[in-house]
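Trainee: I am new to this structure and would like a close look at a single part, the salt bridges within helices. Could you take me through them with care, and then place them beside the nonpolar parts?

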Amino acid sequence: MRTYGMRFRMSVVFGTLFILTGLFIELFRYYGIPFTDYKGSRAEMENEMFTNFSLTADLHKERILSWIDERKKDMDLMAQSPTVRSRIAAIGRLIQNYKAQGLKGDELWRAVRKDKPSRDFAESFESQRKVYGVFRNLIVVDKDSGVALASSDTDDVGKRAVSEDLLKDIARSGSFYIGACPGYISGDRPDMVMAVLLEDDTKTDRDPLKGLFLIGFIDIEECILPLLHIANGLGKTGEIVLVDHDRRILLPYKYPLKDGVIAVPLKYRAT
């Protein structure tokens with residue numbers, strides 16, 4: 001049986017120790033040294049990654065907030081437009097005149113939709129909707145009944161334009177509301193909802209716009225999604241998650257959840 005000399009055994013031992021030492025040095029360099037302040041390069045890379053994510057999220061947040069502020073100004077300009085306000089008041093008088101003639105229900109609203117003030121208002125509103133370029137629809141709603149008194153689409157007039165829950169949220173908001181609801185045209189994609197109170201500061205019973213809201217519906221996916229894709233820094237799989245005050249997602253995720261389920265906007269809550 002062959003035996004190895006002392007020199008060979010020492011070479012093996014010291015070689016092994018050298019390899020293990022180098023291995024431990026690399027492990028400590030990457031993972032850090034336990035019970036010390038040195039956390040290793042892995043922690044540094046994670047901190048740098050999260051810092052980049054935070055900066056990217058802040059950049060997108062500022063961009064979206066700036067965009068929302070611009071849309072709020074658009075709504076305020078429309079709500080304070082003398083032409084818009086006078087035409088809404090004319091429609092209000094028209095409705096009262098028809099009611100005085102004994103019209104009600106579907107008969108009342110068919111007459112309102114066909115009359116000139118309603119058609120003129122729809123044309124004017126449709127023009128403004130196209131000018132601003134982001135609103136899916138613009139309607140004037142009675143905050144007590146939720147019925148549309150005027151709209152960029154005359155087919156909406158006389159119909160309940162918003163859900164009872166959304167109407168309550170808008171009424172509680174004061175002079176301005178922003179939120180989300182199932183799509184105005186189709187419920188598969190959520191809409192951003194902006195509402196501005198039309199009544200004047202005096203809030204007198206004589207105000208023809210008393211209790212009325214101007215509501216604009218905006219396709220979130222069409223208008224907001226492009227804003228989220230402007231900056232880099234998210235990698236191939238990273239994404240910005242947009243949620244409402246109840247943590248319901250407003251845009252679909254890029255990928256399914258871990259269990260393969262597709263997260264549905266306004267139904268899935270981010271955790």
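Mentor: What follows goes through the salt bridges and then turns to the nonpolar surface and core.

This is a predicted model, in which local features need pLDDT of at least 70 and side-chain atom pairs count only at pLDDT 80 or more, while totals for chains, interfaces and linings use all residues. Residues are numbered from 1 along each chain as its sequence is written, and side-chain values use heavy atoms, with hydrogens and water left out.

The structure holds 11 salt bridges, a salt bridge being a side-chain nitrogen of Lys or Arg within 4 Å of a carboxyl oxygen of Asp or Glu. One of them joins K73 to D69, with the closest N and O atoms 3.5 Å apart; both residues belong to helix α2 (residues 40-80), where they sit four residues apart, about one turn of the helix. Helices here are DSSP runs of H or I with at least four residues, numbered from the N terminus. D69 is partly exposed, at a relative accessible area of 36%, where buried means under 20%, exposed over 50% and partly exposed in between (1.4 Å probe, protein chains only).

In helix α5 (residues 116-132), D120 and K116 are likewise four residues apart, about one turn of the helix, and their side chains meet in a salt bridge of 2.5 Å, N to O. D120 is partly exposed at 21%, and K116 is partly exposed at 49% relative accessibility.

Helix α6 (residues 164-172) holds K168 and E164, four residues apart, about one turn of the helix, and the side chains of this pair meet in a salt bridge of 3.6 Å, N to O. K168 has a relative accessible area of 42% and E164 one of 48%, so both count as partly exposed. Elsewhere, salt bridges that share partners join E70, R71 and D74 into one network.

Turning to the nonpolar parts, helix α1 (residues 6-31) gives the most to a nonpolar surface patch, with seven residues. The patch covers about 930 Å², and its members include L20, L23 and F24; patch residues have over 30% relative accessible area and no salt bridge, with nonpolar side chains (Val, Leu, Ile, Met, Phe, Trp, Tyr) joined within 5 Å and like charges within 9 Å. L23 lies in helix α1 and is partly exposed at 46%.

The largest nonpolar core, a set of buried Ala, Val, Leu, Ile, Met, Phe, Trp, Tyr and Cys residues joined through side-chain atoms within 4.5 Å, has 46 residues, of which W67, V140 and I224 touch the most other members.

Key. Accessible areas come from the Shrake-Rupley method with a 1.4 Å probe; for residues, only the protein chains shown count as cover. Helices (H or I, at least four residues) and strands (E, at least two) are DSSP runs, numbered from the N terminus.
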